[in-house]
Amino acid sequence: MRVPGDKSISHRALILGALAAGRTTVSGMLEGDDILATAGALRALGAQIERGKDGRWLVDGPGLGALREPASVLDLGNSGTGARLMMGVVANHPFTSFFAGDASLCKRPMSRVAEPLRRMGAQILSRSGNRLPLAVTGSDEPTPIEYTLPVPSAQVKSAILLAGLGTSGETTVIEPEATRDHTERMLRRFGATVRVSDEMIDGKKMRRITVVGEPELRPSAVVVPGDPSSAAFLAVAALILPGSEVRIENVGMNPLRTGLFDSLLEMGADIRFENQREKDDEPTADMIVRASVLKAIKVPASRAPSMIDEYPIFAVAAALARGTTRMEGLAELKVKESDRLSAIAKGLRACGGKVAEDGDALTVEGSGGALPGGANVDAALDHRIAMAFLIAGLASKSAVTVEGTETIATSFPGFAALMEGLGATLASPNR
Ligand code: S3P
């Protein structure tokens with residue numbers, strides 16, 4: 001099987017397509033609600049974006065610095081990536097853009113992007129707590145900055161780099177912990193100069209990323225690989241359901257995204273990677289996953305950035321493993337589409353799992369077999385919580401009910417049909 005296109009890469013392809021004058025094509029793009037919301041925001045700013053008959057998306061960008069003031073509110077729906085990257089995009093355009101989102105996005109912290117963008121000259125007025133709705137008035141003379149990320153976040157890094165694109169001079173982000181580098185890779189592909197180096201700062205190895213402002217961006221033909229964060233659900237389902245074997249083709253293998261697979265291999269998972277190749281600046285591979293007996297491990301905090309979106313489904317795997325799994329350094333999980341740390345703990349407990357939260361760590365006592373199940377889990381506008389607990393249901397003695405599964409369409413349209421095609425039984429009153 002194949003999974004839908006990578007969400008992070010799809011956002012960036014549309015955004016850079018809009019910032020490069022001329023036609024960019026995007027193949028394999030995720031057609032999920034998050035990406036369609038970013039497309040809508042870019043259209044409101046003057047880009048033409050449409051789906052071609054062959055399924056490729058066509059982006060006709062007005063070009064860097066040529067976006068126009070949007071006549072309506074930019075509604076980024078459920079997407080933190082869409083909101084934060086687009087704040088960076090408009091930060092150097094001298095007009096005001098209003099940002100809105102759904103109830104989940106309106107709870108998420110925006111100071112992490114607002115603070116550096118203000119330093120670059122943008123004015124940002126927000127609801128209390130630096131939350132959406134908010135307005136960004138871009139600067140006509142933005143200043144380049146050098147900024148050390150206070151939280152490991154590819155969204156914040158990308159917002160600053162995108163703002164740096166339209167800023168004369170060099171803008172630098174310093175990362176104490178490396179996060180996904182899709183923006184850097186794609187900026188280069190569109191013709192921007194990006195320098196990346198590792199250096200010791202205060203006795204710690206950090207990554208320095210510099211973008212040279214005001215480049216001549218050239219449009220590109222982007223091919224989006226399958227999303228490893230979506231493949232994660234199928235891989236774990238195959239591992240925990242005895243007798244399963246799945247082959248997932250063309251999955252993105254960017255090493256800053258594959259922490260889940262490293263962890264599962266450590267647990268004894270039977271996962272093989274074939275056809276490893278580097279296509280369009282991103283590595284990909286086919287994965288063959290077979291049901292396995294999983295043994296508990298300790299997941300170090302240093303691995304968190306490379307599996308940040310995978311903890312909900314990883315915790316389900318841990319709940320079925322033999323032994324007690326501990327995950328550390330999970331503070332960022334509290335500010336995702338939901339408070340994932342508590343959503344994971346609550347959901348697993350409701351399914352009969354044994355879980356302890358302490359600070360930013362989670363300990364899951366594995367059952368070594370099927371969970372009792374029988375739970376009713378509220379997805380709380382969080383697609384990954386919804387999918388993780390549907391998979392937990394497949395591995396439980398009694399069915400698990402998930403409320404609010406519409407949210408799955410943000411990242412994995414067709415999830416239910418694909419799981420049913422693999423033999424899962426999913427019942428829904430709405431279908
Ligand atoms: C993303 C970065 C991560 C991740 C999100 C997508 C991106 O968020 O959780 O799903 O595309 O840059 P943070 O940057 O907040 O860690």
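How many residues stand between strand 14 and strand 15 in their hairpin, and which residue in the turn has a positive phi? The hairpin has 2 residues between its strands, and aspartate 280 is the turn residue with a positive phi, at about 50°. The structure is a predicted model, in which local features need pLDDT of at least 70 and side-chain atom pairs count only at pLDDT 80 or more, while totals for chains, interfaces and linings use all residues. Residues are numbered from 1 along each chain as its sequence is written, and side-chain values use heavy atoms, with hydrogens and water left out.

A few conventions help with the strands. Helices (H or I, at least four residues) and strands (E, at least two) are DSSP runs numbered from the N terminus, and two strands pair if DSSP finds at least two bridges between them. Strand 14 spans residues 270–279 and pairs with strand 15 in the antiparallel sense over 8 bridges. Within this pairing, aspartate 270 has arginine 290 of strand 15 as its bridge partner. Strand 15 also pairs with strand 13 (residues 245–252), again in the antiparallel sense, over 6 bridges; here valine 251 is matched with alanine 285 of strand 15. Strand 15 itself covers residues 282–290, and 8 of its 9 residues are buried. Buried means under 20% relative accessible area, exposed means over 50%, and partly exposed lies in between (1.4 Å probe, protein chains only).

Turning to the sheets, one open sheet has 4 strands in the order 4-5-7-6, with mixed pairing. Its edges are strand 4 (74–75) and strand 6 (123–127), each of which pairs on one side only. Strand 4 runs parallel to strand 5 (residues 96–100), and the two are paired over 2 bridges; leucine 74 has phenylalanine 99 in strand 5 as its bridge partner. At the other edge, strand 6 pairs in the antiparallel sense with strand 7 (residues 131–137) over 5 bridges, and isoleucine 124 is partnered by valine 136 of strand 7. Strands 6 and 7 also form a hairpin with 3 residues between them, where glycine 129 in the turn has a positive phi of about 75°.

Another open sheet of 4 strands follows the order 16-17-19-18, with mixed pairing. Strand 16 (298–299) and strand 18 (354–358) each have a single partner strand, so one side of each is left without a neighbour in the sheet. Strand 18 pairs with strand 19 (residues 361–365) in the antiparallel sense over 5 bridges, with alanine 356 opposite threonine 363 of strand 19. Helix 9 (residues 311–320) lies across strand 16, strand 17 (324–327) and strand 19, and runs at about 160° to strand 17. Contact means heavy atoms within 4.5 Å, and axes are lines fitted to C-alpha atoms, for helices over the stretch in contact, with angles from 0 to 180 degrees between N-to-C directions.

Next comes the ligand. Its surroundings include Ser8, Arg12, Thr81, Ala154, Gln155, Arg180 and Lys336, where a residue is near a molecule or strand if one of its heavy atoms lies within 4 Å of it. A polar side-chain atom of arginine 12 lies 2.7 Å from a ligand oxygen atom. Backbone N or O atoms also approach ligand oxygens, at 2.9 Å for alanine 154 and at 2.8 Å for glutamine 155. A polar contact is a pair of N or O atoms within 3.5 Å; within protein, one must be able to donate a hydrogen and the other to accept it, and residues adjacent in sequence count only if both atoms are side-chain atoms.

Two loop residues are worth a visit. Threonine 410, between strand 23 (401–403) and helix 12 (415–421), is buried because its relative accessible area is 5%. Its side chain reaches the backbone oxygen of threonine 407 at 2.8 Å. Leaving aside neighbours within four places in sequence, the contacts of threonine 410 include Lys7, Asp33, Asn78 and His383. Phenylalanine 190 lies between helix 6 (182–189) and strand 10 (194–201) and counts as buried because its relative accessibility is 0%. The C-alpha atoms of phenylalanine 190 and isoleucine 15 are separated by 11 Å, although these residues are 175 residues apart along the chain.

Finally, a search of the whole structure finds 0 disulfides, a disulfide being a pair of cysteine sulfur atoms within 2.5 Å. Cysteine 106 is buried at 14% relative accessible area, and cysteine 351 is buried at 0% relative accessibility.
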